[in-house]
Each structure stands twice: as C-alpha cells, then as structure tokens.
Amino acid sequence: MKNKPTLSHILTHLGEERDQYFNAISPPIIQSSNFAYKTLDEFRNAFSDELNNHIYTRGNNPTVKILRQKLAALEHAEDCLVFGSGIAALAAAIVGNVKAGDHVICVEAPYGWIQKLLTKYLHRFDVGHTFVDGRDINNIKAAKKDNTTLLILESPNSITFECQDLKACADFAKSNNIITVIDNSYASPYFQNPIDFGIDIVAHSGTKYINGHSDVVVGVVCASKAMIQKIFESELMNIGAILSPNDASLVIRGLRTLPLRIQQSHDSAMKIVAYLEQHPMVEKVYYPFSKSFPQYDLVTKQMRGAGGLFSMKLKVDKIELAEKFFHTLERFLLAVSWGGHESLVIPFCGFYNILGQEDSSLPFNLFRFYIGLEDPEWLIEDLERGFSVINK
Ligand SMILES: *Cc1c(COP(=O)(O)O)cnc(C)c1O
C-alpha cells in the first residue's frame, strides 16, 4: 500500500470527518436504523453500492464505518467489516468461502467454536475438513486434496501458542488456489500483520485487545475490497450479525489506547514469565516471546511482541495441590476471555470433575494466565504466595 498511514494518524484521525459533526473530537453515535433521501436519483444511486452508502444500519452506519476504516488500516488491508462477535466474524470469513463438496484444512486445536463450526455445522453442508499440526508446513501440504479451497490458521493459538510460518502457508496456498484465513486475536494488529506475509483474510475477536476493556463483544474481518464486498453481500447482510453503533463507539474509544495497553501487558508478561521460568515449583512456561519457546525464531520473524497471554505447568502431581495454588491467588480473576485491563487465570483443573462431562484433555496442572495493566511486581507477590502455600 502506498503512503501507509502512521499508527498515530490511524488512531487519532483516520475516518473521523469532524466537519460533518460540529467538529466534535469524539465521533457521535449515529443511533439510527435508517437514513432518508431527498430525491429518487440519490436513492437509486445509494442502492448501487450499499456497502458505501447509508441506507440501513445493518449494511452501513457512519459510526461503525469509522471503526472499520481504522481497523483496515491497522491490518494493512484494503477494507474491513465488523461483527457482533469474533465468532460471527470468523464464521462469516469461513462460510463465505466454501460450498458443498469443498474441503478445508485447519490447524489442530483451534479456538473451540471453530472446531465445532467444522465438525458439526459445516459438516451438515457437506464441507469436509482435516486438522493438522501446522507447526510443520509439510503437514499442511500433505493434507491438501483436489477439492481443498480454504486453509484456516491461528497463530499463535490462545492456550499452548503453536504457530505457523505465515509466508510459507500463504505461498503454498496461493500456488494451489486456496484462500487463507487467520485468527489473529492473540497478537492483535499491533504485534502481527498477516497480510504482509500474503495471508488473504485476517479475523479477530475484537473482544480481546482491540476493545480491551472487557465490556464489548465484537468481531473483525480484514481483507481485499473484493473479498469484503463478497462477505458483505452474503454473510453480513444475510445473517446480519452486525455491531451496533453504540458498541462501535466504545470500540473506537478502546482502540485509541491499543498500543499502550498491549505493550504494557507484553512488558509485564515478560517480567512475570522470567520470574516463573526460574521458579522451582514451575515445570514449564509457554510464552511465544520467551527464548525457551520452541518456535521462538519463527515468532520473532513474524511478530513484534506477544502481549499478556501465557500458560504455565505447575510442578505438582495431585489435583488438590493445583486447586490449592489457585485458591491462594487473590489478584487474578477466574474468568474466560482476555485482553482487558484485568489479570485473569484459567486453572485447567477447573475442567476436571464437571458433572456429566469428560475431563479436559489438557493436564490439571496447566494454568493459563492473562496479564492486564496492574503492576507486575504486585502480581508476582500473589504468585509467590501461591507457591509458598503448596511448598509447605
Ligand atoms: C475469544 C476468541 C474467539 C471468539 O471471539 P468472540 O468475540 O468471543 O466471539 C475467537 N478466537 C480466539 C482465539 C478467541 O480467543
């Protein structure tokens, strides 16, 4: 893209036509479902391009449009659509690019609802799939069939952080007429831009870093103009999982501080990971920006940072001890999701002994942490208290 806009310009000015709304600094929430026309000519003209004219808020709303422009620029994409959730965005990108009889290759252990989308939902429409260990491009190549049309990547994933070589995947896909989609939620556009490596479609759960305040569920799809137009005309307009103008306004506000927030999470996570890696009660830490991470060389080639998400295996052999460690923590909230201001923990022992369900396939001593915006030393004190209790 020529004259790539700078990050500062994107976050502070891009898409904000202030002279259209009293030079207000913050864009108004255009809380209107429909838009009126003075003449039939203008009305007819608008219908020739519903994505870029204001007819109805399911298609295009001015507040939502500001957010779309900023996100497209952040991902080095020509255009962007936003959805009412990350899974709506990912599902639109995937469903919009397959038809009955097609085959999809997907990395193993993707986000849980992507797994269900392939195994339960698209299965009903005669779309086949193969899950592969995407750390080795040869596994992806070997899974290709004559009817393979789509490759789904998630790099890194959000529990154990396996990565794919994005350039190798894009090159292979392009030479075989396969469309590539990546879930880029872990890195956010601040730390990784898959389009620069040749990936076709970049999707996000904007619920995580992009909104960043744990108060909106939102999804993002970034791609070429033609791809966005295609997804707009079918999945967005037909299924209609749109983001409201009100939520778009909140996400614009959250986005303003994306670099500050994710960099702070990254810096704190680096400190906490270094503390954990030398701790005798820790068996293993999984963090893409740790030198101990098996794919560290690849990670630093395609990512500029890793943010606040990592996992740790506690050195205990009884589930009771993992539970005790968790119950000692006071400064991490037990909750799903991540990317907000608050630090979180998911102890995988919580997925054991659930009535009527099989135990997790992940070990009970695994903990996934998200480091928010708190002082890392204050969080380390809490972890230290947890270790000292089980070490007695
Ligand atoms: C949360 C998440 C999603 C789903 O996003 P929602 O906004 O919750 O619908 C998809 N992929 C990853 C990696 C996620 O963490």
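At the start of helix H14, a side-chain oxygen of Asp375 comes to within 3.0 Å of the backbone nitrogen of Glu377. The model discussed here is predicted, so local features need pLDDT of at least 70 and side-chain atom pairs count only at pLDDT 80 or more, while totals for chains, interfaces and linings use all residues. Residues are numbered from 1 along each chain as its sequence is written, and side-chain values use heavy atoms, with hydrogens and water left out. Helices (H or I, at least four residues) and strands (E, at least two) are DSSP runs, numbered from the N terminus.

H14 covers residues 376-390, and its 15 residues should span 21 Å at 1.5 Å a residue; the end C-alpha atoms lie 22 Å apart, which agrees. The expected span here is 1.5 Å times one less than the number of residues. Buried residues (under 20% relative accessible area, against over 50% for exposed and in between for partly exposed; 1.4 Å probe, protein chains only) in H14 are Pro376, Leu379, Ile380, Asp382, Leu383, Gly386, Phe387 and Ile390. They cover an arc of only 155 degrees around the axis, which puts them on the same side of H14; the arc is taken from the directions from the helix axis to the C-beta atoms. An α-helix has 3.6 residues a turn, so residues three or four places apart point the same way. The partners of this buried side, by contact (heavy atoms within 4.5 Å), are helix H11 (258-277), strand S8 (282-286), strand S9 (309-314), helix H13 (319-328) and strand S12 (366-370).

Several of these partners belong to a sheet. It is an open one of 5 strands, ordered S8-S9-S12-S11-S10, with mixed pairing; two strands pair if DSSP finds at least two bridges between them. S8 and strand S10 (333-334) stand at the edges with a single partner strand each, so one side of each is left without a neighbour in the sheet. S8 and S9 run antiparallel and are joined by 4 bridges, with Tyr286 opposite Ser311 in S9. H11 packs on this sheet, touching S8, S9 and S12, and its direction makes about 15 degrees with that of S9. Such angles run from 0 to 180 degrees between N-to-C directions, with axes as lines fitted to C-alpha atoms, for helices over the stretch in contact.

Another open sheet has 7 strands in the order S1-S7-S6-S5-S4-S2-S3, again with mixed pairing. Its twist averages 20 degrees from one strand to the next. Strand S2 (residues 103-107) and S3 pair in the parallel sense over 5 bridges, and Val104 has His129 in S3 as its bridge partner. Helix H5 (residues 112-121) packs on the sheet, touching S2, S3 and strand S4 (148-154), at about 140 degrees to the direction of S3. Helix H9 (residues 225-239) lies across S1, S5, S6 and S7, at about 25 degrees to S1.

Within this sheet, strand S6 (residues 201-205) has 5 of its 5 residues buried. Ile201, Ala203 and Ser205 point one way from S6, and Val202 and His204 the other way. S6 pairs with S5 in the parallel sense over 3 bridges, and with strand S7 (residues 219-223) in the antiparallel sense over 4 bridges. Ala203 stands opposite Val221 in S7, and Asp183 stands opposite Ala203.

Asp183 lies in strand S5 (residues 179-183) and, at 8% relative accessibility, counts as buried. Beyond neighbours within four places in sequence, Asp183 contacts Leu90, Tyr111, Leu153, Glu154, Ser155 and Ala203. Tyr111 is 72 residues away along the chain, yet the two C-alpha atoms are separated by 8.7 Å. The side chain of Asp183 also makes a polar contact with that of Ser185, at 2.6 Å. A polar contact is a pair of N or O atoms within 3.5 Å; within protein, one must be able to donate a hydrogen and the other to accept it, and residues adjacent in sequence count only if both atoms are side-chain atoms.
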